[in-house]
Amino acid sequence: MGEMGKIVETPDELAEPVIVPPEAYVSEDYVRAERDKLWRKVWLQAGRVEDIPNPGDHVTYDILDDSVIMLRGSDGTIRAFHNVCPHRGRKLIDTPKGMRNARGTKNNIICGYHAWTFDLDGKNTFIEHQDDWQGCLTEDRTSLGKVNVDTWGGWLWINLDPDCMPLREYLEPAASMLDPFQLENMRTRWRKWVIFECNWKVAMEAFCETYHVPGTHPEFMEFGQFRGWGRNQGLHSNIGYDAPKGQEEDAAKLRLGAGEDPRVTTAEMQTFTWENANTNTTRTLVDVALRLKDELPEGTPAVEVSKYWLTTARAEDEARGVTWPVVDPQHTAKSGTSWQVFPNQQIGHAVNNMLCYQARPYGNNPDMCIFEAAVYELYPEGQAPETEWEYTEPEDWPPVLQQDFNNMAAVQQGMKNVGFKGAQPNPYMERAVASLHYNLSRFMGRGEPHKIK
Ligand code: FES
Ligand SMILES: [Fe+2]
């Protein structure tokens, strides 16, 4: 893949302290090089399968100069096409002003310029005065260009490189680690996007480690201390928490409240999370947590509180037609709390909900990105809410995310300071940062982290 040759499986050598040079975050030249060396080579998560359930349904995805139409054909197959007319290059489906992407249903695609028309297979069906071309307009010259598309986890993935490796191979080991969580069954509770003043890497790195929690989100520390880790996973990386001894892995994932009375701290933690982040939990989990004090005797140990809370919430969801997958606790422990799928997606998975972040460049400006977050959960059949990407100014995001935004903007400024010598990520807790740059350097041919020692 790419000019750097094959992706080599990275051993977890990033346990050693490294310095990440600032160029990848701040250089205009680097951003321009990313288009060809990175964005036109990697698999990109470009939409959700449930957004195009029926024939003719389509959704678009823009990445720098490129735009792709993902379209469900009359045969039910999902296809992807370059969003450009082969006649004289008009973008075929415009993104409505203020929207993140186009989405809708069509029987065919009619170019707005000279009305060349294409069917759902991308084949041209109408050219005014076709004879004028004297027989030169072969199907090849008049059809829409195909783009590689595949699905995994309920998402649509595209790759602009005609010679790319298969999606599944690209996603490993993340795909196999995440499959048991059945992410494809989850639906969005909300999804927000914003054009923000930092590099896309700064945005992704604000969420790929837990080292920042005490400093950025001190409120969470009241609910118990958890030691976080980060691991390199080939092209990808994951992060997680070490579960307190004897506690169920799901509880560590949900960061069950510890402290004096775990019945109370769990309820407080859940309420706080629901109100201030609106992520990483569900209404059922919050409601059951709020009843722990009434339903369990005083002095119930944390392990028992956790078990009761999760078992009860699972049963109550089951009763309303929401079945959490059963995942082996050891697998849950290994899978951690979230995966960074190279280069620009984070999947924060759990058995009943997930929080996903993405960021991509905004034009050729290294100081800007399009940042997106989506929260998913399991719903009873047919009861998932209809959601759309909502453009949301930073001050209108949940308060916990605003704390992260503050860092993102300030990091982007700080990185450009002549006095900044490069990032020094924590080798244990922030290994995902080193992993990203180590892998990026393979595509870009520059910017490899260097060892401090
Ligand atoms: S550019 Fe599309 S029909 Fe002319
Ligand atoms: Fe954060």
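This report describes the overall shape, two sheets, two helix contacts and some backbone details of a predicted model.

Residues are numbered from 1 along each chain as its sequence is written, and chains are lettered from A and ligands numbered from 1 in the order in which they are written. Because the model is predicted, local features need pLDDT of at least 70 and side-chain atom pairs count only at pLDDT 80 or more, while totals for chains, interfaces and linings use all residues.

## Overall shape

The protein chain has 14 helices and 20 strands. Here helices (H or I, at least four residues) and strands (E, at least two) are DSSP runs, numbered from the N terminus. The C-alpha atoms fill a box of roughly 85 × 55 × 40 Å along the principal axes. The radius of gyration is 23 Å, which agrees with the value near 22 Å for a compact globule of 453 residues. That radius is taken over C-alpha atoms, and the globule rule is 2.2 Å times the number of residues to the power 0.38.

## The seven-stranded sheet

Seven strands form an open sheet in the order β2-β11-β10-β5-β4-β3-β6, with antiparallel pairing. Two strands pair if DSSP finds at least two bridges between them. The edges are β2 (43-48) and β6 (103-105), each of which pairs on one side only. From one strand to the next, the twist averages 30°.

Three pairings from this sheet are set out below.

| Strand pair | Sense | Bridges | One bridge pair |
|---|---|---|---|
| β3 (residues 57-63) and β4 | antiparallel | six bridges | Tyr-61 and Val-68 |
| β4 (residues 66-72) and β5 (residues 78-82) | antiparallel | five bridges | Met-70 and Ala-80 |
| β5 and β10 (residues 146-152) | antiparallel | two bridges | Ala-80 and Val-147 |

Ala-80 appears in two of these rows. It stands opposite Met-70 of β4, and Ala-80 also stands opposite Val-147 in β10. β4 and β5 form a hairpin with five residues between them. In its turn, Gly-76 has a positive phi of about 90°.

## The three-stranded sheet

Another open sheet has three strands, in the order β7-β8-β9, and its pairing is antiparallel. Its edge strands are β7 (109-110) and β9 (124-126), and each pairs on one side only. Two bridges join β7 to β8 (residues 117-118) in the antiparallel sense. Ile-109 has Phe-118 in β8 as its bridge partner.

The loop between β7 and β8 holds Ala-115. This residue has a positive phi of about 70°, although it is not a glycine.

## Helix α9 and its two partners

Helix α9 (residues 262-276) meets helix α10 (residues 283-295), with axes that come within 8 Å and cross at roughly 150°. That makes the two helices roughly antiparallel. Axes are lines fitted to C-alpha atoms, for helices over the stretch in contact, and angles run from 0 to 180 degrees between N-to-C directions. Angles under 35 degrees count as roughly parallel, over 145 as roughly antiparallel, 65 to 115 as roughly perpendicular and the rest as oblique.

The crossing of α9 and α10 is left-handed. A crossing is left-handed if the near helix is turned anticlockwise from the far one by less than a right angle, and right-handed if clockwise. On the α9 side, the contact includes Val-264, Ala-267 and Trp-274. On the α10 side, Leu-285, Val-286 and Leu-290 are among the residues met. Two residues are in contact if their C-beta atoms, placed from the backbone, lie within 7 Å. By class, this contact has eight nonpolar, three polar and two charged residues. Ala, Val, Leu, Ile, Met, Phe, Trp, Tyr, Cys and Pro count as nonpolar, Asp, Glu, Lys and Arg as charged, and the others, Gly among them, as polar.

α9 also packs against helix α11 (residues 302-319), at an angle of about 50° and with axes 9 Å apart. These two helices are therefore oblique to each other. Their crossing is right-handed. Pro-262, Arg-263 and Thr-266 of α9 make the contact with Ala-302, Val-305 and Trp-309 of α11. Four of the contact residues are nonpolar, one is polar and one is charged. Arg-263 and Thr-266 also take part in the contact of α9 with α10.

## Cis peptide bonds

Glu-172 and Pro-173 are joined by a cis peptide bond with omega of about 0°. Pro-173 lies in the loop between α4 (167-171) and α5 (174-178). The bond from Phe-342 to Pro-343 is cis too, with omega near -5°. Pro-343 lies in the loop between β15 (338-341) and β16 (345-348).
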